[in-house]
Structures are given as C-alpha cells and as structure tokens.
Protein chains: 2
Amino acid sequence: MGLAVVVTLEDGRNKDGQAARPAAASSANAPSANALDTLLALVAADFAAVDHEIRTRMVSEVALIPELAGHIIASGGKRLRPVLLLAAARMCGYGGGIRHIRLAACVEFIHTATLLHDDVVDESALRRGKATANVVWGNQASVLVGDFLFTRSFQIMTEDGSLKVLSILCEAAAVIAEGEVMQLTTANNLATTEESYLKVIAAKTAALFAAATRVGAVVADRDEREEAALQAYGDNLGIAFQLVDDALDYQADEKTLGKSVGDDFREGKITLPVVLAFARADAEEQAFWRRCMEDREQTEDDLVRATTLMARHGTLAETIARARHYGDLARAALQIFPDSAYRRALEGIIDFCIERAY
Amino acid sequence: MGLAVVVTLEDGRNKDGQAARPAAASSANAPSANALDTLLALVAADFAAVDHEIRTRMVSEVALIPELAGHIIASGGKRLRPVLLLAAARMCGYGGGIRHIRLAACVEFIHTATLLHDDVVDESALRRGKATANVVWGNQASVLVGDFLFTRSFQIMTEDGSLKVLSILCEAAAVIAEGEVMQLTTANNLATTEESYLKVIAAKTAALFAAATRVGAVVADRDEREEAALQAYGDNLGIAFQLVDDALDYQADEKTLGKSVGDDFREGKITLPVVLAFARADAEEQAFWRRCMEDREQTEDDLVRATTLMARHGTLAETIARARHYGDLARAALQIFPDSAYRRALEGIIDFCIERAY
C-alpha cells in the first residue's frame, strides 16, 4: 500500500514563517493525556495554515461578522475536527496541495456555525470558559453570523470543486441539522430511549467527525475501503466523544469543562446518564426526574441530588464504559492502515477523548 | 439566437398526471394585476413539478421538520423566486431535463430558510397572514429547521452537479447572510444612509432573485451576455420588490400585506421611507424619529404620526418612484432577448411587483 509518512513539521514553522504551535511531545507513544499535543505536533504546519485560512475566510466588510466569528473561533476550541481531517489525509499519504487545509477550515466553519446556533437554542451563557456570542451580541447576530459561516463553508467546498467532497460534507451538514431537531424533540421527554439518544448524538456530533476523516481519505485519492474505514473511525470516535461530553456535564469542574456544569440538567436535555438513571429509578426517584426534566421545576440542590442518583446507579461510569466501547470500534477501524506516526496519533486521540472524563 | 419557446402546458397536467395550477389568464398581454397569473400559467406544469420536488425533499424521519417546514411552505407564498427561475430557463430555451425544477426547489428552500431565521431575528408573529413558525413551535425549532432547509438546498445543488450553479447559489446564500447581518447593524440607527440601505436590500433580497434568474440562463447553456442580462434583471427586480415591500409596511392593510402593518416601525428597522423622512425632518420631527426608532419608545399613536410625516414629505411615493426606476432597469436588461411569451411575462412581473403598492 506504501503509505508515505509525510513529515511536514521540519523547523516548526509554517509557510508564512510564523512559529507553529510548539510540540508538547515528540513521540506518538506519549501518554494519552498528551495525545492531542502529539497529534498537533505532527500536523503543526498544516494546522497553522488552517488557522490562517479560517481567519482569511471569515473576513467580511460587515465588521460584526469577523468580530463575532472571531470571538468563538479564537476562544480556544480544540479544533479537533480539522485536526482529524489533516491527520487522516496525511496518514493516507496526501501531500500534493492545500485541499486538506481548505477543507479542514470548511469543517471548522460548519462546526462553529452549529455552535453559534446551539448556544441560541440552548440559551447557553458560557462556552469554553467565555461568555457565549448570544450573550455578548444577542441571539439575532448569533443566528445570522452562524448562517454566514454555514454559507461560507459551502463556498469553500465549491472552490475545492470535488462533487464527492461536496456530497459528503453537505450530507453531514444536513444530518447534523436533523440531529439537532431530533434532540429538540427528545428534550424534556423521559420516554427517550437509549436508542433514540444514540441516534441524536450520531447525527449531531459523529456525522461531522466521520465526514472530516472520510474527506481525509478522499483528498488522498484512496479506495472505498479506506474511505469507509476512516468514516467508521470518525463515527465511533464522535459517539465516544459525545458520550464523555454528556457525562462531563454532571461531573467536571467548570474550569476543566469550560462551560457551566449542569447545563444539560437545567435545560432538561435527556442524555444517556439520565436515560439510564431514569430506567433504574424507583417510584420516588422517577417523580424527581419528572419534576426536574419534564416539568423543569428545579431547586439549587436538585443537581446534587441528580449526580447522587447517577452515582448510586452507576450511570456515569456506564456512560464512560459505552464510550470506551465505541473507542474500541474506532481503533479497530484504523487497523487496515499500516503502522505510522499518524495512525498512532489517531489512536491516541481515542484515549484522549475518553480520558477527559477523569 | 433562435430561442425556442417551449410550451410545456399542453393539457394542464404535469408529468405525474396531477392537475396543474389552473391558468387564470392565457395571454401574456393581460393587465399587470394578472401578470403573476400569466406567468404561472406559462410555467404551470413546471410549477407543479417544483411543488412536488419541494414536498419530497423536505421529508425527514424527524417529523417536526416537514411539519414546521410545511407550515411556512404551504402558507401561500407567491413562490416568486422559483417561478422566475423556471421562466428564465424556458425563455432561454431550456427543455431537456429537470434541472430547472430541482434548482427552483433549491432556491425556494434557501428563501424559506432565511424567512424562518428572519422571523426569529425580527420576533415576528405573523407572516403571510398566519402565525409564524417561531410563535407556533418556538425559536429553537425555527433556527434548526431553517438550518436543515439550508443544508438540504446545498444537497440539491450538489446533486445537480454543476460547479457553476453551485458557485452562483452559494455566493448568493453568503451574500444574503451578510446582508442580514448588515441590516442588524443599521437597525435603530438613523445615521443609515440611502446607500447603506440599498446595499442591505441588494444583499438580503436582490441577490437571490438575481441568482435564480441567472441560473435559468446557466441551465439552458446560454452565453455570458445572457447570463449577465438575466442577473441584472433579477437584481433590479429584487431591489424594486424590496422597496415596495418596505413602503407597504407603512401603507398596506394587513389582509393584503399578510403580515402586521408597522412591523418595521415597531422594530426600529431603518428602511428608505424612514431614511427620507428623517433627512427632511425639522428638529421636532427628528426628535420623534429618534425616540421611536433609536430609543424604541413608542405609543399606539406613533405609527399614525409616522405615516403622516411620510405623507407630508412624500417619502412613500418617492420610495415607489425609486422602485419604478429599478423596474425600468430590469425591463431594459431583458431587451437582448427576442420577444416571446416568457419575456413578456417576465416584464409583466416587474409591474406586478410595483403595483402591489396600490
């Protein structure tokens, strides 16, 4: 198969001569806590180019657009999705151009647009430890700048010019929107099953991970088998990522989480920890969940009570166990690729996503 | 040039054998009040196929999506944009397939998505004489179903497979979003100039008209000159349409308008009738406008006062006169095409858009 491991890092500078993100660990065998840094080091030059592309493409003569978009884009997100695309492309031997850079920026724009709309929908006040755009500029601006970033992402895809890529990313964007609407219909509804919950997170989160990693194979012109493998990797990783996110909403401290702990609880969002806790609840506990999640009548102490019930029924641990299972599936999907620093880094990201929970 | 006037109406049925919209007038020379009916009669079979395409493509297993989208799509909009695309394509001799049907549906999806988001942004309660989706299903669902329709429109374009069409429609969608944000920054700001106002309406309204008519030439494989002419037609028609819309907001009766009269006033939206009235205001009148539009302190009688001031300074009549000017430009743009029933119907639409004001 002859995958070339393309080392783009060299002197740690990107093509514009700017210092790239320093590598925290140089070996792909570093502990998983550093797995993100390892991956970032591997794609550092590409990553800097993506950053540049993002900043260039969010420019508009309407000053509010780069201002608001810059607020959320600069707020220190992990840029996991574009980084996954870059690593997948490089693992697949892509080396001939800047398509991966553009498309990684495009994926980040789609993600950012959904975040802006999510924060309006969820009435969130805090994201990544900063006030959300809807709090600073109002819901109206968040909706419209989200629309702008959406349309900009489609423009970038069109410039790329591959109908195959367009169809993968457009499909993902439609599935995400569908997943978000589906989530709205499961909110405050304790009849939501684990199956429905999984459907929601597969759509709203995993679809973009999967599209990003699949596109990595597509730009490198790999065959259908490798495309499918990278799609499966992204899909399972995305599900694991969201399961952990939903557990963290009940157990992280706010500094680590970068958003308000208990947000899901206050909104009555039905995530797996709640689905499982409700399934195992006695009559009195069921009444508690109904009052908090369906009627949304909550007191200050109710979040503590909720986490206590989750601990009693082991639902957070079980949510993490499920995440681990999907992580294993993601790892298995990568095994058709020969060993490389990129493959090891993509494997490391699985552990990174899961071990955030500790 | 040899443009074939393709008459698709025949027996008034579309390809599925369903009865098409009955023709209200059979001659393209009917008075402009009937110009829309004339145009609809000319493209009746195509129109029915677009309707079918719209209904088919808004389906989702998430029931809320077709329910909410159906509410706004079925609410009796004129479907002006898809009809313009159909007529432009037919005028250009397109006859070989269903690309114009799909792309007309796509244009209507983009339009519907922006309406859903507009109503959230404007906090509107009434559209086309019916409660808005945000009132019935909440802002959250309107934002997300709008996103779904946006992404669906991009999927349809991708299926069409023409990068040229994709680039025209993606560009239009981005310009619309930019225009909406721009409008947000001019709201409640009486320093808004006529030039800024025109920029906003060119972006938020005319861009989609222009993309729709241009795409008509593109699917028919006409040369750049005809593409540019149809783009100019759509652009100027769109500006005329919005100018009239903004005048109607102060003078229509609600039944005709299908939305609440005075909505723009209550939101402090700075449209041309206000820009002109403020420019001609004496000190006392300026204070009135500042209180109503900038401070948004309004009493029941203020809307009456506003229209009285507009009458005194002739700003509604002048807004319509401007619309007439853009209408003339739209008409001039069509003159490179040989006379045909389609061209005459497209000319008739100009008068229809302007004479709504009476």
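**Group meeting: helix α8, the cysteines, the core and two loop residues**

Just after helix α8 of chain A, N188(A) takes a positive phi of about 60 degrees, and since this is a predicted model, I will treat that angle, like everything else I describe today, as a computed value.

Let me stay with the helix itself for a moment. Helix α8 of chain A covers residues 163–186, and at 1.5 Å a residue its 24 residues should span 34 Å, which agrees with the 34 Å that separate its end C-alpha atoms. As for its surroundings, 17 of the 24 residues of α8(A) are buried, so this helix is largely enclosed by the rest of the structure.

That brings me to the cysteines. How many disulfides does the structure hold over all chains? The count is zero, and it is worth going through the pair C170(A) and C170(B) with some care. A disulfide is a covalent bond between the sulfur atoms of two cysteines. For C170(A), the closest cysteine sulfur is the one in C170(B), and because the two sulfurs are 7.4 Å apart, they are too far from each other for a bond; the cut-off applied here is 2.5 Å. Seen from the other side, the closest cysteine sulfur to that of C170(B) is in C170(A), again at 7.4 Å. C170(A) is buried, at 1% relative accessibility, and C170(B) counts as buried too, with a relative accessible area of 1%.

Now to the nonpolar core. The largest one has 251 residues, and those that touch the most other members are Y233(A), W289(A) and I349(A), together with Y233(B), W289(B) and I349(B). To take one of them in detail, W289(B), leaving aside residues up to four places away in sequence, touches L190(B), F265(B), V274(B), A277(B), F278(B), A281(B), E294(B), A306(B), L309(B) and M310(B).

Finally, I would like to set two loop residues of chain B beside each other. R79(B) is not a glycine, yet it has a positive phi of about 50 degrees, and its place is in the loop between α3 (64–73) and α4 (80–91). D221(B), in the loop between α9 (194–219) and α10 (224–251), is likewise a residue other than glycine with a positive phi, in this case near 60 degrees. Which of these is buried and which exposed? R79(B) has a relative accessibility of 7% and therefore counts as buried, whereas D221(B), with a relative accessible area of 69%, is exposed.

Methods
Residues are numbered from 1 along each chain as its sequence is written. Chains are lettered from A and ligands numbered from 1 in the order in which they are written. This is a predicted model: local features need pLDDT of at least 70, side-chain atom pairs count only at pLDDT 80 or more; totals for chains, interfaces and linings use all residues. Side-chain values use heavy atoms; hydrogens and water are left out. Helices (H or I, at least four residues) and strands (E, at least two) are DSSP runs, numbered from the N terminus. Buried means under 20% relative accessible area, exposed over 50%, partly exposed in between (1.4 Å probe, protein chains only). A nonpolar core is a set of buried Ala, Val, Leu, Ile, Met, Phe, Trp, Tyr and Cys residues joined through side-chain atoms within 4.5 Å. Contact means heavy atoms within 4.5 Å. The expected span of a helix is 1.5 Å times one less than its number of residues.
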